[in-house]
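Colleague: Could you take one part of this predicted model and go through it closely, then say how it relates to the rest? Plain statements will do.

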Amino acid sequence: MKSVIVIGASGYGKVVADLIQKSNDRVVGFLDDQADLADTFIGYPLLGLVKDYSNYKDTAEFVIAIGNQGIREKIAARLWDVRWYTAIHPSAVRSDIQVRVGEGTVIMANAVINSACQIGRHCIINSGAVVEHDNQIADFVHVSVGAKLAGTVSVGKASWIGVGATVSNNLTICSNCIIGAGAVVVDDIKEAGTYVGVPAKKMEKTEMKKEINVRGGG
Ligand SMILES: CC(C)(COP(=O)(O)OP(=O)(O)OC[C@H]1O[C@@H](n2cnc3c(N)ncnc32)[C@H](O)[C@@H]1OP(=O)(O)O)[C@@H](O)C(=O)NCCC(=O)NCCS
């Protein structure tokens, strides 16, 4: 049984705690930089701020339960000396053929990872998401609830595929993209930005809104 500290006392943190329990590992508690939090969170101790991680790094593994890609990346760089917990829900279907899942990645309930997929570090493959064969998912990517990536899709670092979005086969999405909820991607995306609709087109009016969903992940 592994002892795990969850970084991020959020809605997504609740789901990750459940996943750890379901994997028969132990949630030691949460670290979170929000000053106004209580002593406990969903029944687990709130152990302190993220900077307090060093008190636990010799006895526990860590997982970042924060939906925002940029924040996950910063925390992963800051906590360079910890052991990262890779969380895979028992109901997730993961092919045994040439699949690699990077450290700190969270694969939620009923997600499917098919053969020959490479999933990077600190990714989120959310509930019911489908990542078909031969996908290349870079570090810090979030594939949201029910999103579907067909075969041989490549997703660049820190991109976010929104809830229920679909990416057709043999496509490449570059780094730092947001694919909006329900979008259908039918062409390569070569320029960072936010893409919505069917077929997905770039939203011209907004900058990248990485602050969206900062606290939540699901
Ligand atoms: C794409 C997204 C990031 C845009 O957010 P935003 O920049 O705040 O955009 P706004 O809400 O201001 O909407 C701007 C316009 O785009 C439209 N729009 C927003 N999201 C859209 C979507 N997914 N599909 C189609 N149109 C969309 C809005 O209707 C609005 O149109 P209008 O200007 O004609 O009124 C957001 O809507 C989205 O889809 N987020 C994904 C949520 C998600 O997947 N969460 C994770 C769950 S696990």
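**Helix H1 and its surroundings**

Modeller: The buried residues of H1 are Tyr12, Gly13, Val16, Ala17, Leu19 and Ile20. Because these residues cover an arc of only 160° around the axis, they sit on the same side of H1. The coordinates come from a predicted model, with a mean pLDDT of 93 for the protein chain and 92% of its residues at 70 or more.

The length of the helix can be checked. H1 runs over residues 11-22, twelve residues in total, and at 1.5 Å a residue it should span 16 Å, where the expected span counts one less than the number of residues. Its end C-alpha atoms are 17 Å apart, so the model agrees with that expectation.

Next, the two ends. At the start of H1, serine 10 places a side-chain oxygen within 3.3 Å of the backbone nitrogen of tyrosine 12. Just after H1, asparagine 24 has a positive phi of about 60°.

For the packing, begin with the largest nonpolar core, which has 31 residues; Ile119, Ile125, Leu149, Ile161 and Ile179 make the most contacts inside it. Another core lies apart from it, with 20 residues that include Val16, Leu19, Ile20 and Val63. Val16, Leu19 and Ile20 are also among the buried residues of H1.

Two members of the largest core can be followed through their contacts, leaving out residues up to four places away in sequence. Isoleucine 179 touches Trp160, Ile161, Gly162, Ala165, Ile173, Val185, Ile189 and Tyr195. Isoleucine 119 is in contact with Arg100, Val101, Gly102, Thr105, Ile113, Ile125, Val131 and Ile137. Isoleucine 119 lies in strand S11 and has 0% relative accessibility, so it counts as buried.

Glutamine 118 is also in strand S11, which covers residues 118-119. Its relative accessible area is 22%, which makes it partly exposed, since buried requires under 20%. On the same sequence cut-off, glutamine 118 touches Gln98, Arg100, Asn135, Gln136 and Ile137. The side chains of glutamine 118 and arginine 100 are joined by a polar contact of 3.2 Å.

One stretch calls for caution. Over residues 208-216 pLDDT stays under 50, although the model has 28 contacts for them beyond four places in sequence. Predicted coordinates should not be read in detail where pLDDT is low.

How values were computed:
Residues numbered from 1 in each chain as written. Predicted model: local features only at pLDDT ≥ 70, side-chain atom pairs only at ≥ 80, totals over all residues. Heavy atoms only, no water. Helix = DSSP H or I, 4+ residues; strand = E, 2+ residues; numbered from the N terminus. Buried < 20%, exposed > 50% of the residue type's maximum accessible area, 1.4 Å probe, protein only. Arc of directions from axis to C-beta. Polar contact = N/O pair within 3.5 Å; in protein donor to acceptor, adjacent residues only side chain to side chain. Core = buried A, V, L, I, M, F, W, Y, C linked by side-chain atoms within 4.5 Å. Contact = heavy atoms within 4.5 Å. pLDDT = per-residue confidence, 0-100.
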